Amino acid sequence: MTTFLIAFAVLIGGYIFYGGITAKVFGVNTQKLTPAVEHPDGVDFVVLPTWKVFLIQFLNIAGLGPIFGAIMGIMYGPAAFIWIAIGTIFAGAVHDYISAMISLRSNGASLPEIVGTELGNKIKAVMRIFCIGLLLLVTAVFVVSPSTIIAGMFDANSFWSNSTLWILIIFIYYVFATIVPVDKLIGKAYPIFGFTLLFMAVGILTIFIFGDVTIPDGIADGLHNRRADADSMPIFPMMFVSIACGAISGFHATQSPMMARCLKNEKLARPVFYGAMVAEGIVALIWAAAAIAFTGGYQELAHYMSTEGNSAGTLVREISINWLGTLGGILAIIGVVAAPITTGDTALRSARLISADIFKIDQKPTSKRLIIGLPLFLVAAILTYFAASPKQFEVIWRYFAWFNQTLSVFTLWACTVYLRKNGKVFWITLLPAMFMTAICVSYMFVAPTSQGGFGIFTNEHSVYGVAIGVLAAIALCAIFFFKPSVKYAKNA
């Protein structure tokens, strides 16, 4: 329990202190008009109440990552608690806040345009494809995963137990949510879904504090890997990819511009973007602790997962019902279902916005939204078809995980260049940029092919893959400092 409480305190304190430092480094201008105020269009550029913007951002970025990812990540041991707390404060929240602020200062520009402006047109072209690809993968993954959960709630002989039916229903909803104005559906439904997700986290936190629950974190025994297959699944880099949305996720930066187009003042960016990431870190921390507390420890968790086909969803359902009762369990499960749905629909919406930015197509007319949306719907439907197969779902999920973390690398480097160009303290993004570069490059060499890597340096040879990742980070840092074509401002 002590480790959990310390990590929880770090997250709260990090928002107060380091969040304030980050906002000061960027330099908030409360007099500058935001895109929603300066260029309202009634569709995507719409001023929304701050609490709604926060909940939408929180649900956009949450998905199943801080729940399922945290459960899979805690299998590596107590190092997961440290990464969730430190990663959220110094990497994830900074990543989300700075990228959102750049979008605010760039008339709500989408992520590829931001990265392209800072890193060049060639990178912009790559990022456009990369971002849309990631968003369509997210759409497919977050159609299939909630449909499976919902279908499993009904009797096997029931008409409603057909997951294909739920895939169709959810996908139709995604299409509708992508087209209609942001305040008409997303702005009205998300507060309800946000309540259920937060209720779930607060309910379990209450059980921790006032219930007869022990969290066997085992940190006194060291930070060594608790997985039975520790040789082939080393903590560095594997754990840092498993726990993505609960610490840092490149996907978040694709969502931030959407909410940057709904904010009424720059001073609200810190509670919305930095705050939403901290809230997600807290959710991840709670579920990581819940997994080992409910099962009894790391070995017990590993045994549970192996007997349940590595289904984190089954564990979440059991924890919710056993600890929160029938009503609480139902609300918690609704939250687990709502989380991926509210991420999938905004992923598809973000893909439309990015595509519209690429082709410079005004999105106010419904017909033009449909013109942009139809090709995206078609590709998303094809990916969803493949993802519906459990075997293909695993493949798509692995690519999604790697795409996700690699995107954070591009975003962090772009943020670092922006800060230095404008004479600001760029170290707050440079250090996490180097760290995540090392993680993503190492992962490709160390991760087995079953996990989406090349599997070149496995088991006792993984140190060589890590060395390549570290060298790649150092090389990019050298380019950043010494590339002569980049001119930087001396003053803010």
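Colleague: Is Asn 459 buried, exposed or partly exposed?
Modeller: This is a predicted model, and the values are computed from it. Partly exposed runs between 20% and 50% relative accessible area. Asn 459 has 35% relative accessibility, so Asn 459 counts as partly exposed.

Colleague: Where does Asn 459 lie, and what is its phi?
Modeller: Asn 459 lies in the loop between H17 and helix H18 (462-482). Most residues other than glycine have a negative phi. Asn 459 is not a glycine, yet its phi is positive, about 50°.

Colleague: Which loop holds Asn 107, and what is the relative accessible area of Asn 107?
Modeller: Asn 107 has a positive phi of about 60° although it is not a glycine. Asn 107 sits in the loop between helix H5 (79-105) and helix H6 (111-119). Asn 107 is partly exposed, because its relative accessible area is 39%.

Colleague: What is the omega of the peptide bond from Phe 236 to Pro 237?
Modeller: Most peptide bonds are trans. Pro 237 is found in helix H10 (residues 235-242). The bond from Phe 236 to Pro 237 is cis, with omega near 15°.

Colleague: How far apart are the end C-alpha atoms of helix H17?
Modeller: H17 (residues 427-446) has 20 residues. Of these, 15 are buried. At 1.5 Å a residue, H17 should span 28 Å, and the distance between its end C-alpha atoms agrees: 28 Å.

Colleague: Why is Cys 245 not bonded to Cys 440?
Modeller: A disulfide needs two cysteine sulfur atoms within 2.5 Å. Cys 440 holds the closest cysteine sulfur to that of Cys 245, but this is too far for a bond, at 13 Å.

Colleague: What is the nearest cysteine sulfur to Cys 477, and how many disulfides does the structure hold?
Modeller: Cys 477 counts as buried, because its relative accessibility is 13%. Its nearest cysteine sulfur is that of Cys 415, 16 Å away, and Cys 477 is in no disulfide. The number of disulfides in the structure is 0.

Colleague: Which helix gives the largest share of the largest nonpolar core?
Modeller: That core has 167 residues. Among those touching the most other members are Ile 67, Phe 208 and Trp 287. The largest share, 20 residues, comes from helix H12 (residues 269-295).

Colleague: Which residues does Ile 67 contact, leaving aside neighbours within four places in sequence?
Modeller: Ile 67 is one of the core residues that touch the most other members. Beyond its neighbours within four places in sequence, Ile 67 is in contact with Leu 197, Met 200, Val 283, Trp 287, Val 316 and Val 336.

Notes
Residues numbered from 1 in each chain as written. Predicted model: local features only at pLDDT ≥ 70, side-chain atom pairs only at ≥ 80, totals over all residues. Heavy atoms only, no water. Buried < 20%, exposed > 50% of the residue type's maximum accessible area, 1.4 Å probe, protein only. Core = buried A, V, L, I, M, F, W, Y, C linked by side-chain atoms within 4.5 Å. Helix = DSSP H or I, 4+ residues; strand = E, 2+ residues; numbered from the N terminus. Contact = heavy atoms within 4.5 Å. Expected span 1.5 Å × (residues − 1).
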